[in-house]
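Me: I would like to learn how to read the places in a protein model where a small molecule sits or where space is left open. Could you take me through them slowly?

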Amino acid sequence: MKHYTSINDINNINTWIEEAKALKENPLANIDLGKNKTLGLLFFNSSLRTRLSTQKAALNLGMNPIVMNVSGDAWGIEFGDGTIMNGNTAEHIKEAAAVVSQYCDVIAVRAFPGLTDKEKDESEHILNSFIEFASVPIVNMESATGHPLQGLTDAITIVENTTKKKPKVVLSWAPHIKALPHAVANSFTQVMQKMDVEFVITNPEGYNLNPEITKDTPIYHNQEEAFKNADFVYTKNWSSYEDYGKVINTDPNWMITKEKIGNAKFMHCLPVRRNVIVEDAVLDSDNSIVIQQANNRTYAAQLVLKKILEDF
Ligand code: CP
């Protein structure tokens with residue numbers, strides 16, 4: 001595999017899940033594969049899980065990870081073509097990506113959307129600039145529209161926890177005070193569409209995700225109806241896609257409660273705001289699998305890096 005930038009890069013989800021589970025059983029089985037190879041992790045935004053689990057994945061493969069907080073520590077990067085750089089940006093992506101490619105055998109990038117310009121965000125200008133101007137494989141650690149390492153993790157976690165051949169999985173919007181990206185919800189939707197699950201989405205009016213992502217997935221505006229017979233409730237806030245990047249609803253009645261989800265397993269990518277997105281009683285119950293889910297970030301990243309290293 002050359003790059004891992006989207007759920008579409010997964011050619012066979014069932015095989016990938018089994019491979020990731022095997023890596024989890026024996027994380028150091030491929031410790032020589034990444035010997036003398038360097039993974040550069042570039043963060044334009046904050047992270048706890050992605051930053052640590054992707055480094056852990058690299059170490060499990062014998063790679064040397066190096067990390068940079070690009071927004072805080074590097075020169076301001078210019079992405080525009082032909083820009084007269086007399087503003088705040090000091091270095092063009094053409095030089096930056098080419099230079100980092102000399103230090104790193106694989107580059108992983110996290111760059112969130114601005115949520116003010118839909119067209120710009122959907123162009124994935126940061127991620128795609130790295131693909132264009134770097135000479136090494138690129139891994140998406142959450143971009144404007146997708147978080148494919150998280151999506152793969154979520155698929156692994158559902159398979160580990162299901163007791164049914166075809167479980168019902170519900171993606172539910174929940175309230176949040178800030179405008180959040182669509183990336184996690186998009187990638188979760190895309191990966192569920194590849195799996196043998198009954199998948200539905202529930203969100204308030206005005207919060208439908210990009211129809212090019214949701215395709216024919218059923219969307220309920222009645223959360224209670226969506227939750228009927230659910231085996232997994234995956235919760236995430238996202239800002240409006242239609243009224244792009246806006247917070248148009250903070251109705252606390254959409255918060256996830258123990259009463260609402262019954263015996264369904266609770267999932268969230270984390271970080272999560274307690275008693276805003278979900279009440280304590282859910283997160284502190286045996287039905288919450290968020291910690292196991294976060295652990296699986298390591299094996300999802302390790303599988304992706306392994307596939308890239310095997311194609312060198
Ligand atoms: N789920 C996730 O990507 O967590 P971080 O933002 O902490 O990396």
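Me: Which distance separates an oxygen atom of the ligand from an N or O atom in the side chain of R110?

Reply: A polar contact is a pair of N or O atoms within 3.5 Å; within protein, one must be able to donate a hydrogen and the other to accept it, and residues adjacent in sequence count only if both atoms are side-chain atoms. Here an oxygen atom of the ligand lies 2.8 Å from an N or O atom in the side chain of R110, while for the side chain of S47 the distance is 2.7 Å and for that of H147 it is 2.9 Å. Taken alone, the ligand exposes 260 Å², of which the protein buries 92% (areas by the Shrake-Rupley method with a 1.4 Å probe; for residues, only the protein chains shown count as cover). Keep in mind that this is a predicted model, in which local features need pLDDT of at least 70 and side-chain atom pairs count only at pLDDT 80 or more, whereas totals for chains, interfaces and linings use all residues. Residues are numbered from 1 along each chain as its sequence is written, and side-chain values use heavy atoms, with hydrogens and water left out.

Me: Which residues are around the ligand?

Reply: A residue is near a molecule or strand if one of its heavy atoms lies within 4 Å of it, and the residues around this ligand include L48, R49, T50, Q150, C269, L270 and R297.

Me: How is empty space found, and what is the volume of the largest pocket?

Reply: Rolling a probe the size of a water molecule over the atoms shows where empty space is left. On a 1 Å grid over the protein atoms alone, a pocket is an open set of points where a 1.4 Å probe fits, with protein on both sides within 12 Å along at least five of seven lines, and lining residues have an atom within 4 Å of a point. The largest pocket holds about 540 Å³ of space (points are joined across faces, edges and corners, and the volume is the space filled by probe spheres set on them). Of its 27 lining residues, F112, E142, K236, L270 and P271 are the closest to its centre. Domain 1 (7-146 + 296-310) and domain 2 (148-293), with bounds from an automatic or database domain assignment, both give residues to this lining, so the pocket lies between them.

Me: What is special in the backbone at L270, P271 and E142?

Reply: The peptide bond from L270 to P271 is cis, with omega near 5 degrees, and P271 belongs to the loop between strand 11 (265-267) and helix 12 (280-283). Helices (H or I, at least four residues) and strands (E, at least two) are DSSP runs, numbered from the N terminus. E142, in the loop between strand 6 (138-140) and helix 7 (148-161), has phi near 115 degrees, a positive value in a residue other than glycine.
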